[in-house]
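I opened my notebook to go through this structure piece by piece. Short entries follow.

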Amino acid sequence: MKITVCAIGRLKAGPERDLWERYYIRLRCPLKIIELEERKKVPAVELKRLEGTLLTGAIPTGALVVALDERGKSFSSNDFANQISSWNNMGRNLTFLIGGSNGIDQSTLDNAHLTMSFGKATWPHMLARILLIEQLYRAEQILAGTPYHRV
């Protein structure tokens with residue numbers, strides 16, 4: 001299974017990028033990040049719509065799409081690992097969508113196969129990337145039976 005992360009904004013040098021790289025080099029499955037940016041100065045609602053168009057346009061053909069949104073389904077780490085395994089067994093590539101500071105527009109959310117949350121708290125979109133890649137790494141470790149994930 002190939003995993004793509006389509007994200008609004010660019011992860012600049014600093015602690016967030018360092019954390020991303022820490023998990024990125026550990027992952028066994030192929031992961032690609034596509035960073036997108038809308039540079040037009042427009043009202044927040046319009047920007048959200050334009051970013052949704054960018055995200056949708058970056059989704060690889062045939063991929064199963066998971067949009068990150070605070071109102072989405074929450075998974076325990078074990079449940080997330082099992083879901084990843086299930087998608088892998090289906091032979092589907094996976095794409096995660098991470099919106100900008102205004103979130104993801106409703107039409108993009110509606111077209112995703114699943115809307116997923118990292119809890120009820122709102123996370124800055126750059127930290128959502130870190131949470132996602134850590135959970136992807138943790139899922140690999142759970143499925144491999146390593147001691148990384150302790151209960």
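**Cysteines**

I started with Cys-6 in this predicted model. Cys-6 counts as buried, because its relative accessibility is 0%. Next I looked for a bonding partner. The closest cysteine sulfur belongs to Cys-29 and is 15 Å from the sulfur of Cys-6, so the two are too far apart for a bond. A disulfide would need the sulfur atoms within 2.5 Å. Cys-29 is in no disulfide either. I then searched the whole structure and found zero disulfides. Is Cys-29 buried or partly exposed? Its relative accessible area is 21%, so I noted Cys-29 as partly exposed.

**The sheet**

I turned to the strands. Five of them make an open sheet, in the order E2-E1-E4-E3-E5, and the pairing is parallel. Which strands are at the edges? They are E2 (31–36) and E5, and each pairs on one side only. Neighbouring strands in this sheet are turned against each other by 30 degrees on average, direction ignored. I reminded myself that strands of a sheet pair through backbone hydrogen bonds, either parallel or antiparallel.

I followed one pair in detail. E3 and E5 pair in the parallel sense over five bridges. Leu-68 has Met-116, in E5, as its bridge partner.

I also checked what lies over the strands. Helix H2 (residues 44–58) lies across E1, E2 and E4. H2 runs at about 165 degrees to E1.

**Thr-4 in strand E1**

I picked one residue of E1, the strand of residues 3–8, and chose Thr-4. Thr-4 counts as buried, because its relative accessibility is 8%. What does Thr-4 touch, not counting residues up to four places away in sequence? I listed Lys-32, Ile-34, Pro-60, Leu-94, Thr-95 and Phe-96.

**Helix H3**

H3 covers residues 77–89, which makes 13 residues. I took its span from the first C-alpha to the last and got 18 Å. That is close to the 18 Å expected at 1.5 Å a residue. Which residues of H3 are buried? They are Ser-77, Phe-80, Ala-81, Ile-84 and Trp-87. These residues cover an arc of only 125 degrees around the axis, so they sit on the same side of H3.

I then asked what this buried set packs against. The buried residues of H3 pack against strand E3 (64–74), strand E4 (94–98), strand E5 (114–117) and H5. Just after H3, I noted that Gly-91 takes a positive phi of about 75 degrees.

**Helix H5**

I looked up two residues here. Ala-128 lies in helix H5. Ala-128 is buried, because its relative accessible area is 9%. Leaving aside neighbours within four places in sequence, Ala-128 is in contact with Ile-98 and Phe-118. I also took a distance to Ser-117, eleven residues from Ala-128 along the chain. Their C-alpha atoms are separated by 9.6 Å.

Glu-140 is also in H5, which covers residues 125–144. Is Glu-140 buried or exposed? Its relative accessibility is 15%, so Glu-140 counts as buried. Its contacts, leaving aside neighbours within four places in sequence, are Arg-26, Leu-27, Arg-28 and Cys-29. That brought me back to Cys-29, the partly exposed cysteine. My last distance was from Glu-140 to Asp-110. They are 30 residues apart in sequence, and their C-alpha atoms are 28 Å apart in space.

Definitions and conventions:
Residues are numbered from 1 along each chain as its sequence is written. This is a predicted model: local features need pLDDT of at least 70, side-chain atom pairs count only at pLDDT 80 or more; totals for chains, interfaces and linings use all residues. Side-chain values use heavy atoms; hydrogens and water are left out. Helices (H or I, at least four residues) and strands (E, at least two) are DSSP runs, numbered from the N terminus. Buried means under 20% relative accessible area, exposed over 50%, partly exposed in between (1.4 Å probe, protein chains only). Contact means heavy atoms within 4.5 Å. The expected span of a helix is 1.5 Å times one less than its number of residues. The arc is that of the directions from the helix axis to the C-beta atoms. Two strands pair if DSSP finds at least two bridges between them. Axes are lines fitted to C-alpha atoms, for helices over the stretch in contact, and angles run from 0 to 180 degrees between N-to-C directions.
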